[in-house]
Amino acid sequence: MKWVISIVLLMIFASLGSALYYMMKDKGNSSKMVHSLMLRIGLSIALFLGILIAHYFGFIEATGIKVGTN
């Protein structure tokens, strides 16, 4: 599961980098930057939902850090 999360995070950063490249190269004349950013948002949502589902089915476990206790 760690590898899947790492790969998706790398894909998110690659999509963000390509959006930056298209922003600098095209000067706003094409929609490639928008598509790259939409892909990044989709990957981020899929990663978040994947982590929630993996936790629900027991593929990953919580760290045991207590939140809000003294």
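## A two-helix chain seen from helix H2

Gly 50 is partly exposed, with a relative accessible area of 28%. That is where we start in this predicted model. Gly 50 belongs to helix H2, which covers residues 32–56. Its C-alpha atom lies 8.8 Å from that of Ile 5, although the two residues are 45 apart along the chain.

**The chain as a whole**

Let us step back for the overall picture. The chain has two helices and zero strands. Its radius of gyration is 17 Å, whereas a compact globule of 70 residues would have one near 11 Å. Taken along the principal axes, the box filled by the C-alpha atoms is roughly 55 × 30 × 15 Å.

How many of the 70 residues count as buried? The share is 13%. The accessible surface of the chain is about 6000 Å², and carbon and sulfur atoms account for 72% of that area. As for contacts between residues at least 6 apart in sequence, 52% of them join residues at least 24 apart.

**Along helix H2**

Several residues of this helix are worth a visit. Ser 36 lies in H2. Is Ser 36 buried or exposed? With a relative accessible area of 8%, Ser 36 is buried, because the cut-off for that label is under 20%. Leaving aside residues up to four places away in sequence, Ser 36 touches Ser 15, Ser 18, Ala 19 and Tyr 22.

Arg 40 is another residue of helix H2. Which residues does Arg 40 touch, not counting those up to four places away in sequence? They are Ile 12, Ser 15 and Leu 16. Ser 15 thus appears in the contacts of Ser 36 and in those of Arg 40. The relative accessible area of Arg 40 is 27%, so Arg 40 is partly exposed. Between Arg 40 and Lys 2 there are 19 Å in space, C-alpha to C-alpha, and the pair is 38 residues apart in sequence.

Leu 49 is found in H2 too, and its relative accessible area of 45% makes it partly exposed.

Here are the accessibility values of the residues discussed in this report:

| Residue | Relative accessible area | Class |
|---|---|---|
| Ser 36 | 8% | buried |
| Arg 40 | 27% | partly exposed |
| Gly 50 | 28% | partly exposed |
| Leu 49 | 45% | partly exposed |
| Phe 57 | 58% | exposed |
| Tyr 56 | 67% | exposed |

**A nonpolar patch on the surface**

Leu 49 also leads us to a nonpolar surface patch of about 1200 Å². Its other members are Met 1, Val 4, Ile 41, Ile 45, Phe 48, Leu 52, Ile 53, Tyr 56, Phe 57 and Phe 59. Which helix gives the largest share of the patch? Helix H2 does, with seven residues.

**Aromatic pairs**

The structure holds two aromatic pairs. One of them joins Tyr 56 and Phe 57, whose ring centres are 5.1 Å apart, with 80° between the planes. That angle makes the pair edge-to-face, because the label applies to planes over 60 degrees apart. Both partners are members of the nonpolar patch. Tyr 56 is exposed, at a relative accessible area of 67%, and Phe 57 is exposed as well, at 58%.

Conventions:
Residues are numbered from 1 along each chain as its sequence is written. This is a predicted model: local features need pLDDT of at least 70, side-chain atom pairs count only at pLDDT 80 or more; totals for chains, interfaces and linings use all residues. Side-chain values use heavy atoms; hydrogens and water are left out. Helices (H or I, at least four residues) and strands (E, at least two) are DSSP runs, numbered from the N terminus. The radius of gyration is taken over C-alpha atoms; the globule rule is 2.2 Å times the number of residues to the power 0.38. Buried means under 20% relative accessible area, exposed over 50%, partly exposed in between (1.4 Å probe, protein chains only). Contact means heavy atoms within 4.5 Å. Accessible areas come from the Shrake-Rupley method with a 1.4 Å probe; for residues, only the protein chains shown count as cover. Patches are made of residues with over 30% relative accessible area and no salt bridge: like charges are joined within 9 Å, nonpolar side chains (Val, Leu, Ile, Met, Phe, Trp, Tyr) within 5 Å. A salt bridge is a side-chain nitrogen of Lys or Arg within 4 Å of a carboxyl oxygen of Asp or Glu. Rings of Phe, Tyr and Trp (its six-membered ring) pair if their centres lie within 6.5 Å; planes under 30 degrees apart count as stacked, over 60 as edge-to-face and the rest as tilted.
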